[in-house]
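Visitor: Could you take me on a close look at a single part of this model, and then set that part in its surroundings?

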Amino acid sequence: MTIGLVLVSHSARLAEGVAELAGQMAPDVPIQPAGGLPDGSLGTDYDLVSAAVERADRGDGVVLLYDLGSAQMTAELVAEADSGARKLFVADAPLVEGAVAAAVAAQGGADLDGVAAAAATAVGQAGGPEQEFAAGAAGARAEPTAEAVAEPSRSAEVVLRNQVGLHARPAALLARSIADLQAEVTVTFRGTEVDARSVLALMGLNAGGGETVTVQARGADADEAVQRILDLAERQFDE
Amino acid sequence: MGCTAERLALALRAAAAVIAVHRDELVELDRAIGDADHGENMHRGFTAVVAKLVGGGFDTPGAVLKVTATTLISTVGGASGPLYGTAFLRASTALGDTSEVDGPGAAAALRGALDGVVARGKAEVGDKTMVDALAPAVEAAKAAAEAGGDVAAVLAVAAEAGERGAESTVPLVARKGRASYLGERSAGHLDPGARSTALLLRALADEAGAS
Ligand SMILES: Nc1ncnc2c1ncn2[C@@H]1O[C@H](COP(=O)(O)OP(=O)(O)O)[C@@H](O)[C@H]1O
Ligand SMILES: [Mg+2]
């Protein structure tokens with residue numbers, strides 16, 4: 001299962017830049033920029049967006065993100081014109097945060113709904129780490145159930161041995177390392193607890209190199225989840 | 001007499017000429033509250049429409065509107081592309097495969113166009129968009145058709161109402177589209193999309209309504 005992303009922007013360079021940014025955290029996800037008009041000027045081009053959707057679709061569906069209102073209309077028109085041949089969803093989300101959150105969810109194997117939900121709940125970073133971060137691989141996450149309470153749990157203190165701490169790439173690696181596991185995993189730093197599958201939330205912790213964070217996992221794969229994160233930190237996030 | 005596919009194609013070519021003449025005016029209107037491209041967008045779109053229509057060979061007015069729609073969607077570039085594209089598409093659907101548009105048919109096509117624009121852009125009357133020109137045109141067309149007006153009569157009152165509707169956007173504060181980013185500063189300017197809608201309605205009335 002790999003959902004593709006199409007980034008519809010008025011500007012070719014903006015779309016390409018966001019694709020680059022999101023792609024860094026999701027190397028296996030087809031992310032197609034669709035910005036600007038064929039002559040290089042600003043605008044959104046229906047045919048360009050259609051072609052990008054075709055390239056991004058591996059058969060599981062495509063989530064489209066947009067920058068301004070008319071890009072939304074073009075994206076919706078493409079989705080409508082397709083009339084069910086592909087699974088397409090136009091996400092109402094901030095372009096940059098939405099693309100990153102969607103890319104990470106797609107990398108984790110989320111389905112169309114999961115990727116769409118990850119994009120839709122992505123929020124800006126301006127509020128700092130105190131803010132509630134709802135972003136992340138919503139679809140890839142095992143729903144917390146009543147039984148989960150009785151399921152195994154494990155926690156560990158993890159020292160961030162790499163230089164930059166939970167910066168973009170390490171945060172993405174951490175989130176991805178546990179994407180396929182059956183466990184609810186959180187990371188706590190200085191009193192703020194966030195979902196370990198949300199790259200944006202992890203970055204929002206501002207946990208720098210040398211700091212110690214607490215990892216807590218609950219669920220069938222709790223042990224494995226904590227172990228993988230410990231290993232990752234031990235390897236200095238492959239830096 | 002109704003409006004055939006051939007006459008409608010001629011009317012749209014006339015509309016394209018009107019857009020070409022008013023291209024700079026639309027650019028200037030969009031410069032005041034937008035990004036100065038509405039004239040270029042419309043000109044590019046309708047130039048492409050003319051290229052599609054010159055060959056002729058369309059069986060129904062609906063087919064003419066449909067090719068106009070898809071061409072505008074592919075070529076306009078700005079917000080007005082998907083909006084006008086959806087408008088022409090819904091107008092085409094409203095006409096079905098009728099071979100000649102009569103008064104009620106014209107009113108229904110305009111209604112379809114408005115519904116399309118609203119479905120696509122979610123604007124209401126008073127938001128300072130093309131809806132402010134199109135909505136009163138639809139109302140006027142409906143009344144004229146119900147009073148027994150033919151295509152010419154229906155389109156004539158629609159064009160008049162569209163022009164008045166476009167003028168009504170001047171004092172408004174934009175709540176949709178790019179101009180909405182300006183907030184209060186958008187007041188005091190004619191909305192470019194409302195102006196182009198009025199121009200199109202007038203061109204269609206003059207040509208499609210002529211017999
Ligand atoms: N959501 C909307 N609903 C209806 N009309 C809209 C909407 N957004 C923009 N418009 C219309 O489109 C016009 C601008 O078109 P254009 O300049 O071609 O596109 P852009 O705003 O992308 O540059 C506006 O003047 C307005 O009439
Ligand atoms: Mg414009």
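Guide: Happily; here is a walk through one helix pair and the loop beside it, followed by the wider setting.

This is a predicted model, where local features need pLDDT of at least 70, side-chain atom pairs count only at pLDDT 80 or more, and totals for chains, interfaces and linings use all residues. Residues are numbered from 1 along each chain as its sequence is written, chains are lettered from A and ligands numbered from 1 in the order in which they are written, and side-chain values use heavy atoms, with hydrogens and water left out.

Let us begin in chain B, with α5 (103–121) and α6 (131–146); helices here are DSSP runs of H or I with at least four residues, and strands are runs of E with at least two, numbered from the N terminus. Two packed helices are described by the angle between their axes and the distance between the axes. For α5(B) and α6(B) the angle is about 155 degrees and the axes are 9 Å apart; axes are lines fitted to C-alpha atoms over the stretch in contact, and angles run from 0 to 180 degrees between N-to-C directions. The pair is therefore roughly antiparallel, a label for angles over 145 degrees.

The contact (heavy atoms within 4.5 Å) involves, among others, A107(B), L110(B), L114(B) and V117(B) from α5(B), which meet a set including L134(B), A135(B), V138(B) and A141(B) from α6(B). Its residues comprise 13 nonpolar, one polar and three charged, where Ala, Val, Leu, Ile, Met, Phe, Trp, Tyr, Cys and Pro count as nonpolar, Asp, Glu, Lys and Arg as charged, and the others, Gly among them, as polar.

Now step into the loop between these two helices, where you will find G126(B). With a relative accessibility of 17%, G126(B) counts as buried, the term for under 20% relative accessible area with a 1.4 Å probe and protein chains only. Beyond neighbours within four places in sequence, G126(B) touches D132(B), L172(B), V173(B) and R175(B). Its C-alpha atom is 9.9 Å from that of P171(B), a residue 45 positions away along the chain.

As for the setting, an unreviewed UniProt entry places "domain: DhaL" at residues 6–206 of chain B; UniProt positions are given in the numbering used here, feature names are shortened, and annotations may be inferred rather than shown by experiment. That span is 71% helix and 1% strand, and its end C-alpha atoms lie 15 Å apart.

Notes:
Buried < 20%, exposed > 50% of the residue type's maximum accessible area, 1.4 Å probe, protein only. Parallel < 35°, antiparallel > 145°, perpendicular 65-115°, else oblique.
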